[in-house]
Amino acid sequence: MSPAFELIAGDPSLDFANTLSGDRFHAPRENLNEYGDLLAFARQAGLVDASCARGLAERAAREPGEAARVLARAIELREAIFRIFWALGSRKKPAPADLGLLNGELATALAHREIVARGGSYSFGWTECDDLDQPVWAIAVAAADLLADEDRGPIRMCGLAEDEECTWIFLDETKNKSRRWCSMRDCGNRAKARRHYERAKGS
Ligand SMILES: [Zn+2]
């Protein structure tokens, strides 16, 4: 099975923001249509481990109402994460309401955070493996970590954002801070072809 999501942003919380794709202001394409999509994203992004994911899928099938509520909350969090990082990318201050929403989810997440011992090593895990909220906790923690990371690169939006085609955001981790495209293969090539066409038309 090919992976459902393109993880190009350099951070899982930004990849999560990008699960609403296309131009989100004018022609958004929703990629999270059911709890299973949220779970598939979390699996692919390494936010939920395989054994927990199996249990979560079973539980979501048993409790569809609760799964739908969690998905709705995840989407609210996603929109706040997007607005926060879009603001940073535009050199603006994030709205206090969006930081408040993130902080609320972060507080819930941290109440479920724990150290797990495996062999001789220790890692962060979650108090419950079968709580449908687990992907939301992981995303909230990832977004907070990224926001608070003083050494991270700048946040950028795709070079095709102005053309109302792609509003994906990403971390610019290039040495000379020159990343312009969400993906060279996709938007980068499209922009290149367009410049080529306009040059040809002009000459
Ligand atoms: Zn793009």
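Asp163, Glu165, Asp186, Arg190 and Arg194 are linked in a network of salt bridges. This is a predicted model, so please read the contacts that follow as computed from predicted coordinates. Across the structure, the count comes to 15 salt bridges.

## Salt bridges in and around helix α4

Three individual pairs are worth a visit, and here they are side by side.

| Acidic residue | Basic residue | Closest N to O distance |
|---|---|---|
| Glu66 | Arg69 | 2.9 Å |
| Asp133 | Arg73 | 3.1 Å |
| Glu79 | Arg78 | 2.8 Å |

Let us start with Glu66 and Arg69, whose side chains meet in a salt bridge. The two are 3 residues apart in helix α4, which spans residues 64-89, and therefore about one helical turn separates them. Glu66 has a relative accessibility of 32% and so counts as partly exposed. Arg69 has a relative accessible area of 53%, which makes this residue exposed; the cut-off for that class is over 50%.

The bridge between Asp133 and Arg73 has another setting. What parts of the chain does this pair link? Asp133 sits in the loop between β4 and α6, while Arg73 belongs to helix α4, so that distant parts of the chain, 60 residues apart, are linked. Asp133 counts as buried because its relative accessibility is 13%, and buried means under 20%. Arg73, at 25% relative accessibility, counts as partly exposed.

For the pair of Glu79 and Arg78, both residues are buried.

## Aromatic pairs and charges over rings

The structure holds 6 aromatic pairs. A pair of aromatic rings is described by the distance of the centres and the angle of the planes. Is the pair of Trp126 and Trp137 stacked, edge-to-face or tilted? The ring centres of Trp126 and Trp137 are 5.6 Å apart and the planes stand at 45°, so the pair is tilted. A stacked pair would need planes under 30 degrees apart and an edge-to-face pair over 60, so an angle between these limits falls in the tilted class. This pair, too, links distant parts of the chain: Trp126 is in strand β4 and Trp137 in helix α6 (residues 134-148), with their positions 11 residues apart in the numbering.

Both tryptophans fall in the buried class, each for its own value: Trp126 because its relative accessibility is 14%, and Trp137 because its relative accessible area is 0%. Trp126 also has a charged partner, since Arg113 lies over its face at 4.3 Å from the ring centre.

A similar arrangement is found at Phe170, where the charged end of Arg179 sits over the ring, 4.0 Å from the centre. Elsewhere, Phe5, Phe16 and Phe41 form one aromatic cluster.

## Ile155 and its surroundings

Phe170 comes up again in the surroundings of Ile155. This isoleucine lies in strand β5 (residues 155-157). Is Ile155 buried or exposed? With 6% relative accessibility, Ile155 counts as buried.

Which residues are in contact with Ile155, leaving aside neighbours within four places in sequence? They are Leu14, Phe85, Leu88, Gly89, Phe170 and Leu171. Glu173 can be placed relative to Ile155 as well: the two are 18 residues apart in sequence, and their C-alpha atoms are 9.2 Å apart in space.

## A nonpolar patch on the surface

Turning to the surface, Ile115, Tyr122 and Phe124 make a nonpolar patch of about 400 Å². Tyr122 is found in strand β4, which covers residues 121-126. Its relative accessibility is 60%, and therefore Tyr122 counts as exposed.

## Positive phi angles

Finally, two backbone positions deserve a look. Arg91 has a positive phi of about 55° although it is not a glycine. This arginine is found in the loop between α4 and α5 (96-110), and at 77% relative accessibility Arg91 counts as exposed.

Lys177 also has a positive phi, near 55°, in a residue other than glycine. Where is Lys177 found? Its place is the loop between β6 (169-171) and α7 (184-202). Lys177 counts as partly exposed because its relative accessibility is 40%.

Key: Residues are numbered from 1 along each chain as its sequence is written. This is a predicted model: local features need pLDDT of at least 70, side-chain atom pairs count only at pLDDT 80 or more; totals for chains, interfaces and linings use all residues. Side-chain values use heavy atoms; hydrogens and water are left out. Patches are made of residues with over 30% relative accessible area and no salt bridge: like charges are joined within 9 Å, nonpolar side chains (Val, Leu, Ile, Met, Phe, Trp, Tyr) within 5 Å. Accessible areas come from the Shrake-Rupley method with a 1.4 Å probe; for residues, only the protein chains shown count as cover. A salt bridge is a side-chain nitrogen of Lys or Arg within 4 Å of a carboxyl oxygen of Asp or Glu. Helices (H or I, at least four residues) and strands (E, at least two) are DSSP runs, numbered from the N terminus. Buried means under 20% relative accessible area, exposed over 50%, partly exposed in between (1.4 Å probe, protein chains only). Rings of Phe, Tyr and Trp (its six-membered ring) pair if their centres lie within 6.5 Å; planes under 30 degrees apart count as stacked, over 60 as edge-to-face and the rest as tilted. A charge sits over a ring if NZ of Lys or CZ of Arg is within 6 Å of the ring centre and within 35 degrees of the ring normal. Contact means heavy atoms within 4.5 Å.
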